[in-house]
Amino acid sequence: MSSLLQEKLCEIQTQAPAPQKDFHYFTITKTEVIWRSWQITYRPNQEKIFPKELKRTHRNFLLDEQLHKQVQSIFGKSMLKYTLNLCQGHYDFLVRMPENLIVHIMSFLNLEDIEQLSKTCKKFQQLCNTDEFWERIKKLQDKYTLDLQSAKFPAYEKQRNFHQRKGYLTQMQRRHTTFF
């Protein structure tokens, strides 16, 4: 399952809450957490202030309480919780699956289930709101029903003609009615 993980697990940027004007960029990769910040000032007489970058391994980030407070104050408590989960190895694999695999799985769901799934996260909401998604779903469902219709009767007829023992035909008819 770890092969489904991309190099960047999460990437977010924002401006600090007022009255600050600083810009913050936060990235979580497979191995480390990167915090970049740019201090924005409007005073022309100040010397140049360069961006700051702080890199921590996942293990070190889990122990760095000061960085936890910064992440929470800039990005919120939910982002801190999500970051801590990623650093502990709790990945959300369903969202990280390739899109064609997600569409194939969703092609087996009915419309109400797809609607509920689209409410679970931003990725599924964006995926379910595209015309391309609905065209692919329809194509997969049409292919599935066509395969079922073509597989039902010819295989059954061949088996019935092959085995002409008394009693076998009634067993096959019962199987046919219970499975199809």
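**Exercise 1.** Which strands does helix α3 lie across, and at about what angle does α3 run to β1?

*Solution.* The model is predicted. Find helix α3 at residues 77-87. It lies across β1, β2 and β3. Now compare directions: α3 runs at about 155° to β1.

**Exercise 2.** Work out which residues of α3 are buried, and where they sit around the helix axis.

*Solution.* Step one: pick residues with under 20% relative accessible area. In α3, Met79, Leu80, Thr83, Leu86 and Cys87 are buried. Step two: look down the axis of α3. The buried residues fall within an arc of 125°, so they line one face of the helix. Step three: turn to the face pointing away from that buried side. Lys77, Ser78 and Lys81 are exposed there. Step four: find the cover. The buried residues of α3 are covered by elements including β1, β2, β3, α1 (58-63), α2 and α4 (93-96).

**Exercise 3.** Give the strand order of the open sheet, and explain why β1 and β4 each have one side without a neighbour.

*Solution.* The sheet has 4 strands in the order β1-β2-β3-β4, with antiparallel pairing. β1 (8-15) and β4 (52-57) are at the edges; each has a single partner strand, so one side of each lacks a neighbour in the sheet. From one strand to the next, the twist averages 10°.

**Exercise 4.** How many bridges join β2 to β3, and which residue in β3 does Thr27 stand opposite?

*Solution.* Take β2 (residues 23-29) and β3 (residues 32-38). They run antiparallel, joined by 6 bridges. Thr27 stands opposite Ile34 in β3. Then add helix α2 (residues 65-75): it packs on the sheet and touches β1, β2, β3 and β4. The direction of α2 makes about 60° with that of β3.

Methods: Residues are numbered from 1 along each chain as its sequence is written. This is a predicted model: local features need pLDDT of at least 70, side-chain atom pairs count only at pLDDT 80 or more; totals for chains, interfaces and linings use all residues. Side-chain values use heavy atoms; hydrogens and water are left out. Two strands pair if DSSP finds at least two bridges between them. Helices (H or I, at least four residues) and strands (E, at least two) are DSSP runs, numbered from the N terminus. Axes are lines fitted to C-alpha atoms, for helices over the stretch in contact, and angles run from 0 to 180 degrees between N-to-C directions. Contact means heavy atoms within 4.5 Å. Buried means under 20% relative accessible area, exposed over 50%, partly exposed in between (1.4 Å probe, protein chains only). The arc is that of the directions from the helix axis to the C-beta atoms.
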